[in-house]
Amino acid sequence: MKTSTRKLTLSALFLALGLVLPLITGQIPQIGKMLLPMHIPVLLCGMVCGWPYGLAVGAVMPLLRGLLFGMPVLYPTGIGMAFELAAYGAVIGLLYAKLNKRGVAGVYMALVPAMLAGRAVAQTVLLGLGGNGFTMQMFIAGAFATALPGIVLQLVLIPVVMVGLEHAGVLRDTV
């Protein structure tokens, strides 16, 4: 299969996962904010398919999910998430490709900065959209304190999946 077709197909798979995974939380917003189910497919897409695909999937996913399922609410949450997830997909894809280091170390060297960059972008966008109504304390609570279970899940699950894909030879033609 041609590489671009393969990446496009895998990107569609990651987009579909991002639309469906939040359904596991049973549409309970508090659990979704804790587990961050849309983040995982975007991060994987950036690493497996590259930054342009990760950026596109991240930007489209929350908006499409908001239109299809009503969650997240498009303004301001969906828009903020679109910028945040686009940053995740782009940054992790760029770093993973540029570092050219595989295994758990390579995954973490791309994953941690991407997670920080995505949260910084989200803060910037939400502060701009929310004006004075969105404070730094609200951002810290939402981005780190409330999301701690999801952050831990990402730090455990993403390296396991990526190392598994590397060992299975799935990434040979994509990265």
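How do the residues of the lining of the second largest pocket divide into nonpolar, polar and charged? They divide into 13 nonpolar, no polar and no charged. That lining is taken up again below, after a look at the chain.

**The chain**

This is a predicted model. The chain has eight helices and zero strands. Read from the N terminus, its elements run α-α-α-α-α-α-α-α. The chain holds 175 residues, and buried residues make up 42% of them.

**The second largest pocket**

The volume of the second largest pocket is about 180 Å³. It is lined by 13 residues. Closest to the pocket centre are Leu13, Phe14, Leu17, Leu44 and Val161. Three elements appear below; each gives two or more residues to this lining.

| Helix | Residues |
|---|---|
| H1 | 3-24 |
| H3 | 39-49 |
| H8 | 148-168 |

Helix H1 provides the largest share of the lining, with five residues.

**A nonpolar patch on the surface**

Which residues form the nonpolar patch on the surface? They are Ile28, Ile31, Met34, Leu35, Leu153 and Leu157. Together these residues have about 410 Å² of accessible area. Helix H2 spans residues 29-35, and both H2 and H8 supply at least two residues of the patch. The largest share, three residues, comes from H2. Helix H8 thus has a part in two features: it gives two or more residues to the lining of the second largest pocket, and at least two to the nonpolar patch.

Met34 is one of the patch residues and is found in helix H2. Is Met34 buried, partly exposed or exposed? Met34 counts as partly exposed because its relative accessibility is 33%, and that class lies between the buried limit of under 20% and the exposed limit of over 50%.

**Pro76**

Where does Pro76 lie? Pro76 is in helix H5, which covers residues 74-99. Its relative accessibility is 33%, so Pro76 counts as partly exposed. Pro76 can also be placed against Leu126. The two residues are 50 residues apart along the chain. Their C-alpha atoms are separated by 7.2 Å.

**In brief**

The chain comes to eight helices and zero strands. The lining of its second largest pocket has 13 nonpolar residues, with no polar and no charged ones. A nonpolar patch that includes Met34 lies on the surface.

How values were computed:
Residues are numbered from 1 along each chain as its sequence is written. This is a predicted model: local features need pLDDT of at least 70, side-chain atom pairs count only at pLDDT 80 or more; totals for chains, interfaces and linings use all residues. Side-chain values use heavy atoms; hydrogens and water are left out. Helices (H or I, at least four residues) and strands (E, at least two) are DSSP runs, numbered from the N terminus. Buried means under 20% relative accessible area, exposed over 50%, partly exposed in between (1.4 Å probe, protein chains only). On a 1 Å grid over the protein atoms alone, a cavity is a set of points where a 1.4 Å probe fits but cannot get out, and a pocket is an open set with protein on both sides within 12 Å along at least five of seven lines; lining residues have an atom within 4 Å of a point. Grid points are joined across faces, edges and corners, and a volume is the space filled by probe spheres set on the points. Ala, Val, Leu, Ile, Met, Phe, Trp, Tyr, Cys and Pro count as nonpolar, Asp, Glu, Lys and Arg as charged, and the others, Gly among them, as polar. Patches are made of residues with over 30% relative accessible area and no salt bridge: like charges are joined within 9 Å, nonpolar side chains (Val, Leu, Ile, Met, Phe, Trp, Tyr) within 5 Å. Accessible areas come from the Shrake-Rupley method with a 1.4 Å probe; for residues, only the protein chains shown count as cover. A salt bridge is a side-chain nitrogen of Lys or Arg within 4 Å of a carboxyl oxygen of Asp or Glu.
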